[in-house]
Amino acid sequence: MAEETAPYGAGAAKPTEPAKPVAKVRTAHLREMKERGERFSMLTAYDMYAAATFDEAGIDVLLVGDSASNNVYGHATSLPVTVDELLPLTRAVAGAASRALVVGDLPFGSYQASPEQGYLTAARFMKEGLAHAVKLEGGAEMAPQIERMTSGGIPVMAHIGFTPQAEHALGGYRVQGRGETADRILADAHAVQEAGAFAVVMEMVPGDVAARVTEELAIPTIGIGAGVECDGQVLVWQDAFGLRTGRMPRFVKQYADLHGVLLEAARAYDADVKGGTFPGADHTF
Ligand code: KIV
């Protein structure tokens, strides 16, 4: 008798058929992957070359995060970035990705006021940004927005736990859901699922709480600082690949030192130009 594959997370369905490679990742595929006990990957992307490279690498979901506020526009928080600043980045990523699911992140102030405001903003991300889905921050209090968007044909990824747009309200970057507040995370997770979200990001949530949410929900969970039991993982690419330097959050693993590579290349170019060795004969008409 063939040995059974260990289930991924208690309560997860047993793996059935091996996955067929998909030409285009859809929201339903993420759910099927969860049901099969397969994990998926997500990275942020804000421009064409990064998006095309991550897509080629097999990253399943590309998030045009409002973290563009920090990583593209140089702000200290995600709060200042606007819809009009994110839409061209979303369109660039959507145009460059042929396989990945592209998710546009709704920025602060563009959906919280009412379900109608949220729907109209999300529709712009789908029509003008060419996103395949949108993400918003918040749990139970965002259920009316999620319901409005999904009933109007817009797939929604929710984001609970530490939500960077609420940095000032939460009193800074803090792990959410420790001790008794774990119940709040569970309630938020269930609320966004009930409202129709197709997946939920959990940021800076204790690993055991995230594992419980992952076990209880039918929709996939995506962790960032939420342990290994989530169905998928997401990181900001400049953190993961070392373009950003300095102190990193504990949940970041660095896979490359792109800052070092770029610095060396820029210094070599500078030296060539100043030393008169570039352009050479090969580069001259
Ligand atoms: O904007 C972003 O990069 C995000 C991720 C941290 C999930 O929301």
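**Exercise 1. Find how far apart the closest N and O atoms are in the salt bridge of Arg31 with Glu35, and place the pair in its helix.**

Solution. Arg31 and Glu35 form a salt bridge whose closest N and O atoms are 3.9 Å apart. The term stands for a side-chain nitrogen of Lys or Arg within 4 Å of a carboxyl oxygen of Asp or Glu. Next, the helix: both residues are in α1 (residues 27–36), and because they are 4 residues apart there, about one helical turn separates them. Helices are DSSP runs of H or I with at least four residues, strands are runs of E with at least two, and both are numbered from the N terminus. Last, the exposure: Arg31 has 35% relative accessibility and counts as partly exposed, and Glu35, at 40%, counts as partly exposed too. Buried means under 20% relative accessible area, exposed over 50%, and partly exposed in between (1.4 Å probe, protein chains only).

The model is predicted: local features need pLDDT of at least 70, side-chain atom pairs count only at pLDDT 80 or more, and totals for chains, interfaces and linings use all residues. Residues are numbered from 1 along each chain as its sequence is written, and side-chain values use heavy atoms, with hydrogens and water left out.

**Exercise 2. Work out which parts of the chain the salt bridge of Asp60 with Arg99 ties together.**

Solution. Start with the contact: the closest N and O atoms of Asp60 and Arg99 are 2.9 Å apart. Asp60 lies in the loop between α2 (48–57) and β2 (61–64), and Arg99 in the loop between α4 (83–96) and β3 (101–105), so the salt bridge ties together parts that are 39 residues apart in sequence. Then compare the cover: Asp60 is buried at 7% relative accessibility, while Arg99, at 22%, is partly exposed.

**Exercise 3. Name the residues that are linked with Arg124 in a network of salt bridges.**

Solution. The structure holds 13 salt bridges. One of them joins Glu128 to Arg124, with the closest N and O atoms 2.8 Å apart. Asp84 belongs with these two residues in the network. Glu128 has 35% relative accessibility and Arg124 has 29%; Glu128 counts as partly exposed, as does Arg124.

**Exercise 4. Describe the cover and the neighbours of strand β6.**

Solution. Strand β6 covers residues 199–203, and 5 of its 5 residues are buried. Ala199, Val201 and Glu203 point one way, and Val200 and Met202 the other way. Strands pair if DSSP finds at least two bridges between them. Strand β5 (residues 156–161) runs parallel to β6 and is joined to β6 by 5 bridges; here Ala158 stands opposite Val200. Strand β7 (residues 221–224) pairs with β6 in the parallel sense over 4 bridges, and Met202 stands opposite Gly223.

**Exercise 5. Find the geometry of the aromatic pair of Phe241 and Tyr255.**

Solution. Rings of Phe, Tyr and Trp (its six-membered ring) pair if their centres lie within 6.5 Å; planes under 30 degrees apart count as stacked, over 60 as edge-to-face and the rest as tilted. By this rule there are 5 aromatic pairs. Phe241 and Tyr255 are 6.4 Å apart centre to centre, with 75° between the planes, and the pair is edge-to-face. Phe241 is buried, with a relative accessible area of 19%, whereas Tyr255 is exposed at 53%. Both belong to one aromatic cluster with Phe54 and Trp237.
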